[in-house]
Amino acid sequence: SIYTTFVHSKKFLKMEKFQVPGIFKHHICYARSLERNKYEIFMDTDLVGIIDKEGSGWFLDQYKNEILSSENIQLIGQFINKRLL
């Protein structure tokens, strides 16, 4: 079924978390790819949101915590862009 294929693809594409430096003052920021151009963002071990890339910009898809500012989202996105080069 389409659902099974999507779930299988999502698991297949899920990557390990990687650190994104300089985002939170006293906490560590991590990102993990969910699928192409979609990343979960963590503060330490807590999921704080999901960001998406659309065109050349990044935006907040879902948030679990209001800690992610628009500036943080763009900085995280820039780091991901550089990492993918």
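## Glu40 and its partner Arg32

Glu40 has its place in strand β3, which covers residues 38–43, and in this predicted model Glu40 is buried, with a relative accessible area of 10%. The threshold that matters here is 20% relative accessible area, under which a residue is called buried. The side chain of Glu40 is joined to that of Arg32 by a polar contact of 2.7 Å.

Arg32, for its part, is found in strand β2. A further relation of Arg32 is with Ile80: these two residues are 48 residues apart in sequence, while their C-alpha atoms are 9.9 Å apart in space.

## Overall arrangement

The chain contains two helices and five strands, and, read from the N terminus on, its elements run α-β-β-β-β-β-α. Of the 85 residues in the chain, 31% are buried. Among the contacts with a separation of 6 or more, 24% are accounted for by residues 24 or more positions apart.

## Strand pairing

Strand β1, made up of residues 18–20, is joined by three bridges to strand β2, residues 29–35, and the two run antiparallel. Within this pairing, Val20 has Cys29 of β2 as its bridge partner.

Strands β2 and β3 also run antiparallel, and six bridges join them. Cys29 stands opposite Met43 in β3, and Cys29 is also the residue in β2 that partners Val20. The hairpin of β2 and β3 has two residues between the strands.

## Positive phi in two loops

Most residues other than glycine have a negative phi. Against that background, two loop residues of this chain deserve a separate description. Asn37, found in the loop between β2 and β3, has a phi near 65°, a positive value in a residue other than glycine. Asn37 is partly exposed, with a relative accessible area of 29%.

Asp44 belongs to the loop between β3 and β4, and Asp44 has a positive phi of about 60° although it is not a glycine. With a relative accessibility of 28%, Asp44 counts as partly exposed.

## Aromatic pairs and the ring cluster

A search of the whole structure finds three aromatic pairs. In one of them, Phe18 and Phe79, the ring centres are 6.3 Å apart and the planes stand at 25°, so the pair is stacked; the step rests on the rule that planes under 30 degrees apart count as stacked. Because Phe18 lies in strand β1 and Phe79 in helix α2, residues 70–84, the pair ties together parts that are 61 residues apart in sequence.

The two rings of this pair can also be described by their accessibility. Phe18 is buried, with a relative accessible area of 7%, whereas Phe79 is partly exposed, with a relative accessible area of 28%. Phe18 and Phe79 form one aromatic cluster together with Tyr39 and Trp58.

## Charges over ring faces

Phe18 also takes part in an arrangement with a charged side chain, since Arg83 lies over the face of Phe18, at 3.7 Å from the ring centre. Elsewhere, Lys17 lies over the face of Tyr30, at 5.6 Å from the ring centre.

## The nonpolar core

In soluble globular proteins, nonpolar side chains tend to be buried together. In this model the largest nonpolar core has 16 residues, and those with the most contacts inside it are Tyr39, Ile41, Ile51, Ile76 and Ile80. At least two residues of this core are supplied by each of β1, β2, β3, β4 (46–54) and α2.

Ile80 is one of the core residues with the most contacts. When residues up to four places away in sequence are not counted, Ile80 touches Phe18, Ala31, Tyr39, Ile51 and Trp58. Three of the residues named there, Phe18, Tyr39 and Trp58, are members of the aromatic cluster that also includes Phe79. Tyr39 is thus described twice, as a member of the aromatic cluster and as one of the residues with the most contacts inside the core.

Notes: Residues numbered from 1 in each chain as written. Predicted model: local features only at pLDDT ≥ 70, side-chain atom pairs only at ≥ 80, totals over all residues. Heavy atoms only, no water. Phe/Tyr/Trp six-rings, centres within 6.5 Å; stacked < 30°, edge-to-face > 60°. Helix = DSSP H or I, 4+ residues; strand = E, 2+ residues; numbered from the N terminus. Buried < 20%, exposed > 50% of the residue type's maximum accessible area, 1.4 Å probe, protein only. Lys NZ or Arg CZ within 6 Å of the ring centre and 35° of its normal. Polar contact = N/O pair within 3.5 Å; in protein donor to acceptor, adjacent residues only side chain to side chain. Pairing = 2+ DSSP bridges. Core = buried A, V, L, I, M, F, W, Y, C linked by side-chain atoms within 4.5 Å. Contact = heavy atoms within 4.5 Å.
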